[in-house]
Amino acid sequence: MSKETFQMEIRQLMDQGSGEMSLPQLLDQIIGIMTRNPDGMAGVTNRYRLCATDTGCTRSFSLQDGHYSELSAEDKVDVTISATEENLLALFNGKLNPAAAILKGKLKIQGSLGALTKLAALF
C-alpha cells in the first residue's frame, strides 16, 4: 500500500469521530493502520514514544523501513512526545497546532527533531 493509502486511512479515522475516542482507543486505531500499511511509511526507521503526562498512557514503537513493532517502556527511543491526554488528542484531531503547542509548553519533545519530522510527515 502507498503513502496515499496510509494517509487516506488516517483521514478517514479522524473524520469518523476520533474526537469521541480516548487516547488509548485512538492510538490502537492508528497502530492498526500503521501495521496494515508499512509501504506507506517506507523509508522511516526510528523509535518513538508517546506519553500522556496526566494519565500515564504510553505507547513506544519502532518503525523499521515503515514496518511497525511495539517496544517496551524501557527501550531507548529516538524521540519522546509528551503532553496531557487532552492535548495529545487535540493534536491528533487537528485542533492543536504542533508548533504553537511546543512554543506554549503544551507539547514537549525530547530527542531527535529529525525523527519527529519523519513521523509528522506521515500524517
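How many disulfides does this chain come to? Zero, by the rule that a disulfide is a pair of cysteine sulfur atoms within 2.5 Å. Take cysteine 51. Its nearest cysteine sulfur belongs to cysteine 57 and is 8.2 Å away, so by the 2.5 Å rule cysteine 51 is in no disulfide. Cysteine 57 is in no disulfide either, with the sulfur of cysteine 51 as its nearest, at 8.2 Å. Cysteine 57 is also buried, at a relative accessible area of 10%. Buried here means under 20% relative accessible area, exposed means over 50%, and partly exposed is in between, with a 1.4 Å probe and protein chains only.

Ground rules next. This is a predicted model: local features need pLDDT of at least 70, side-chain atom pairs count only at pLDDT 80 or more, and totals for chains, interfaces and linings use all residues. Residues are numbered from 1 along each chain as its sequence is written, and side-chain values use heavy atoms, with hydrogens and water left out.

Now the overall layout. The protein chain has five helices and five strands. These are DSSP runs, numbered from the N terminus: helices are H or I with at least four residues, strands are E with at least two. In sequence order the pattern reads α-α-β-β-β-β-α-α-β-α.

Size. The C-alpha trace spans about 35 × 35 × 25 Å along its principal axes. For 123 residues, a compact globule would have a radius of gyration near 14 Å, and the 13 Å of this chain agrees with that. The radius is taken over C-alpha atoms, and the globule rule is 2.2 Å times the number of residues to the power 0.38.

Burial and surface. Of the 123 residues, 41% count as buried. The chain exposes about 6,800 Å², with carbon and sulfur atoms supplying 51% of that. The areas come from the Shrake-Rupley method with a 1.4 Å probe; for residues, only the protein chains shown count as cover.

Contacts. A contact means heavy atoms within 4.5 Å. Among contacts with a separation of 6 or more, 65% join residues 24 or more positions apart.

Charges. There are 12 positive and 14 negative side chains, and the centres of the two sets lie 7 Å apart. Lys and Arg count as positive, Asp and Glu as negative; His and the chain ends are not counted. Each charge is placed at NZ of Lys, CZ of Arg, CG of Asp or CD of Glu.

On to helix α3. Why is it described as largely enclosed by the rest of the structure? Because six of its eight residues, in the run 85–92, are buried. Those are Glu85, Asn87, Leu88, Leu89, Ala90 and Phe92. They pack against two helices, α1 (3–15) and α2 (23–36), and two strands, β1 (46–52) and β4 (79–83).

One residue inside it: asparagine 87, in α3. Its relative accessible area is 16%, so it counts as buried. Setting aside neighbours within four places in sequence, asparagine 87 is in contact with Leu96 and Lys106. Just after the helix, glycine 94 takes a positive phi of about 75°.

Which residues does serine 22 touch, leaving out those up to four places away in sequence? Glu85 and Leu89. Serine 22 sits in the loop between α1 and α2. It is partly exposed, at 29% relative accessibility. Its C-alpha is 8.4 Å from that of glutamate 85, with the two positions 63 residues apart along the chain.

Threonine 84 is in the loop between β4 and α3. At 27% relative accessible area, threonine 84 is partly exposed. Beyond neighbours within four places, its contacts are Ala52, Thr53 and Asp54. Lysine 108 is 24 residues away along the chain, and the C-alpha separation is 9.9 Å.

Last stop, aspartate 65. Its loop runs between β2 (58–64) and β3 (67–70). Its phi is near 50°, a positive value in a residue other than glycine. The relative accessible area is 44%, so aspartate 65 is partly exposed. Not counting neighbours within four places, aspartate 65 is in contact with Pro38, Met41, Ala42, Gly43, Val44 and Thr45. Glycine 40 is 25 residues from it in sequence and 9.8 Å away, C-alpha to C-alpha.
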